[in-house]
Every structure is written in structure tokens, then in C-alpha cells.
Amino acid sequence: LFWIVVLLTVFSYGCSVFVTAMIGSNAIYDCVEEEEDCTPFDRRRYFGSTARSMFTLFQVLTADSWSGVVRPVVEGPQPSMVF
């Protein structure tokens, strides 16, 4: 059981580093005032640091209000739906 927790933590850390680099530091996910259907999404709140990304990924994994996080990412300009 200990090694399962260790492996999940290492995997979660690796994914959070990737998501922080791809979404947290990408200004494309900010709203532009000219867009009509722009949903407010604070990328720094969810993916601003590695720790925040790990918590957000844990939140999505446990299905705790995951739609507010996933929908703006999936509807974003990049094909992040694969991740």
C-alpha cells in the first residue's frame, strides 16, 4: 500500500508539472473582452504553481466540482482534452 501511494504521488507530481507549464503559464486561457462566450477562468488559481496543480488534479480525480475546472480547459484553444 505504501508503494502505491508513492507511485501515485510521483505520477501526480509529474502531471502537475506538465499542467503548470501548459495551462498555468499560458495566457491563452485568459478571457478577452471581445469574446461573447468567454467563461471566467482563473488559471493562476487552479494551475498557478505545482502545488496548486496537484491539488486541482486531485480535485478532478475525486470528482469534486471538476466541471468548473475541466470545461474551460477542454473548450480552450489547445487540444488539452487528450490529457
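## Confidence

Helix α1, residues 2-24, has the highest mean pLDDT among the elements of the chain, at 92. The lowest mean belongs to α4, at 79. This is a predicted model. Across the chain, pLDDT averages 82. A score of at least 70 is reached by 78% of the residues.

## Helix α3

α3 spans residues 50-61. The helix has 12 residues. From the first C-alpha to the last, α3 reaches 16 Å. That is close to the 16 Å expected at 1.5 Å a residue.

Three residues of α3 are buried: Ser 53, Thr 56 and Gln 59. Seen down the axis of α3, the buried residues fall within an arc of 120°, so they line one face of the helix. An α-helix has 3.6 residues a turn, so residues three or four places apart point the same way. The other side of α3 carries exposed residues: Ala 51, Phe 55, Phe 58 and Leu 61. Thus two phenylalanines, Phe 55 and Phe 58, are exposed, whereas Ser 53, Thr 56 and Gln 59 are buried. The cover over the buried residues of α3 includes α1, α2 and α4. Of these, α2 runs over residues 43-47.

## The loop between α3 and α4

Two residues of this loop have a positive phi without being glycine: Ala 63 and Ser 65. Ala 63 comes just after α3. Its phi is about 60°. Ala 63 belongs to the loop that separates α3 from α4.

Ser 65 is found in the loop between α3 and α4 as well. Phi of Ser 65 is near 50°. Is Ser 65 buried, partly exposed or exposed? Ser 65 is partly exposed, because its relative accessible area is 47%, and the partly exposed class lies between under 20% for buried and over 50% for exposed.

## Helix α4

α4 follows the loop and covers residues 67-74. Its mean pLDDT of 79 is the lowest among the elements of the chain. The buried residues here are Val 69, Pro 72 and Val 73. They cover an arc of only 100° around the axis, which puts them on the same side of α4.

What covers these buried residues includes α1, α2 and α3. The cover is mutual in one respect: α4 helps cover the buried residues of α3, and α3 helps cover those of α4. Both α1 and α2 contribute to the cover of α3 and to that of α4.

Conventions. Residues numbered from 1 in each chain as written. Predicted model: local features only at pLDDT ≥ 70, side-chain atom pairs only at ≥ 80, totals over all residues. Heavy atoms only, no water. Helix = DSSP H or I, 4+ residues; strand = E, 2+ residues; numbered from the N terminus. Buried < 20%, exposed > 50% of the residue type's maximum accessible area, 1.4 Å probe, protein only. pLDDT = per-residue confidence, 0-100. Expected span 1.5 Å × (residues − 1). Arc of directions from axis to C-beta. Contact = heavy atoms within 4.5 Å.
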